[in-house]
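The exercises below are meant to be worked through with the sequence and the structure side by side. Try each task on your own before you read the solution beneath it.

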Amino acid sequence: MQDVRVIGHRGAASLAPENTLASIRKAFETGATWVEIDVSVTHDGSLVIFHDDTLERCSNGKGLLEEASWDYLKSLDAGSWFDPIFSQERIPSLLDAVQLIQSLGMGLNLEIKYEGSDYPRIVDPTLALLNKYWQEPDMLVISSFNHGALLRCRALQCRYPLGQLYEGIPANWESELRAINAYSLHCDYSQLSYKQARAIKSAGYQLYCYTANEPELVAKHWAWGMDAIITDNPPAFLS
Ligand code: G3P
Ligand code: MG
């Protein structure tokens, strides 16, 4: 596992309720030095750490996150669904998460989770917050499936490395990466071919793979030049 960055997915999603502060702490306790978390925007423009469009799976709330207020979200229990011992966990604000991650000395892969096309709505306040509170540009990678959001990052002279996320890699990946002056390509390891991996590496990009929870699943990807693995279960990759 040498020389591959091990990134805890949604914190350490197999060990604690995903995208909570407890999950970030758990990743740290396992020895992970980086975490991936998802940032979304609420109805009233607050930036929160949450993966789904709807609140039901990972909290005791109801309805769409994009229709919820921060006042409502911060009252929810975001941990009991995983285990009652986490009943005190709340949906974190981006600021809470950033401050915790920095206090732990960890790196952050911040995924912008946004399906709309009003890119400034999420990108502008996210970058403003990071510019104010994030100290180490080299310890942060911003990624998104939403190419428009990444173009918006670039248009704002974002000083952090940018990663384009894909499930399967489309034919036009190289032009998309060039357009955002990308640092990395992030893809579902199970949809990656040897040929694609070599092309990505030959073009000079970092190759990040998600989400594998057993090292055997990505053994060949290591040999193909994978630079980072995003995993729910960091200890499996750190021993
Ligand atoms: O950033 C990698 C991975 O988190 C992307 O997919 O759905 O788990 O956010 P998802
Ligand atoms: Mg994610």
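**Exercise 1.** Which residues in H3 meet which residues in H4?

Solution. Before starting, note that this is a predicted model, in which local features need pLDDT of at least 70, side-chain atom pairs count only at pLDDT 80 or more, and totals for chains, interfaces and linings use all residues. Residues are numbered from 1 along each chain as its sequence is written, chains are lettered from A and ligands numbered from 1 in the order in which they are written, and side-chain values use heavy atoms, with hydrogens and water left out.

Step 1 is to find the elements: helices (H or I, at least four residues) and strands (E, at least two) are DSSP runs, numbered from the N terminus, and H4 covers residues 119-133, while H3 covers residues 94-103.

Step 2 is to look for contact, that is, heavy atoms within 4.5 Å. On the H3 side one finds Leu94, Leu95, Val98, Gln99 and Gln102, which meet Thr126, Leu129, Leu130 and Tyr133 in H4. The residues of this contact of H3 with H4 divide into 6 nonpolar, 3 polar and no charged, where Ala, Val, Leu, Ile, Met, Phe, Trp, Tyr, Cys and Pro count as nonpolar, Asp, Glu, Lys and Arg as charged, and the others, Gly among them, as polar.

Step 3 is the geometry: the axes of H3 and H4 come within 11 Å and cross at roughly 35°. Axes here are lines fitted to C-alpha atoms, for helices over the stretch in contact, and angles run from 0 to 180 degrees between N-to-C directions.

**Exercise 2.** Describe how H1 packs against H3, and state which residues of H1 are buried.

Solution. Step 1: H1 (residues 21-29) and H3 pack at an angle of about 15°, and their axes are 10 Å apart. That makes H1 roughly parallel to H3; angles under 35 degrees count as roughly parallel, over 145 as roughly antiparallel, 65 to 115 as roughly perpendicular and the rest as oblique.

Step 2: in this pair, Leu21, Ile24 and Arg25 of H1 meet Asp96, Ala97, Leu100 and Ile101 of H3. By class, the residues of the contact of H1 with H3 are 5 nonpolar, no polar and 2 charged. When reading such lists, recall that an α-helix has 3.6 residues a turn, so residues three or four places apart point the same way.

Step 3: Leu21, Ala22, Ser23, Ile24 and Ala27 are the buried residues of H1, where buried means under 20% relative accessible area, exposed over 50%, and partly exposed in between (1.4 Å probe, protein chains only). These buried residues of H1 pack against strand S2 (34-41) as well as H3. After H1 comes glycine 31, with a positive phi near 105°.

**Exercise 3.** Asparagine 19 and glutamine 157 each have a positive phi although neither is a glycine; is each of them buried or exposed?

Solution. Step 1: asparagine 19, with a phi of about 60°, lies in the loop between strand S1 (5-9) and H1. Its relative accessible area is 3%, so asparagine 19 is buried.

Step 2: glutamine 157, with a phi of about 55°, is placed in the loop between helix H5 (147-155) and strand S6 (162-165). Here the relative accessible area is 67%, so glutamine 157 is exposed.

Step 3: asparagine 19 also appears among the contacts of phenylalanine 50, which, leaving aside neighbours within four places in sequence, include Asp38, Ser40 and Leu55. Phenylalanine 50 lies in the loop between strand S3 (47-49) and helix H2 (70-73) and is buried, with a relative accessible area of 4%.

**Exercise 4.** What are the protein donors of the magnesium ion (ligand 2)?

Solution. Step 1: donors are N, O and S atoms within 2.8 Å of the metal (3.2 Å for Na, K and Ca), and water is not among the atoms, so sites may look incomplete.

Step 2: by this rule the protein donors are Glu36 (OE), Asp38 (OD) and Glu111 (OE), which lie 2.0 to 2.2 Å from the magnesium ion. Their spacing in sequence is E-x1-D-x72-E.

Step 3: glutamate 36 and aspartate 38 are both buried.
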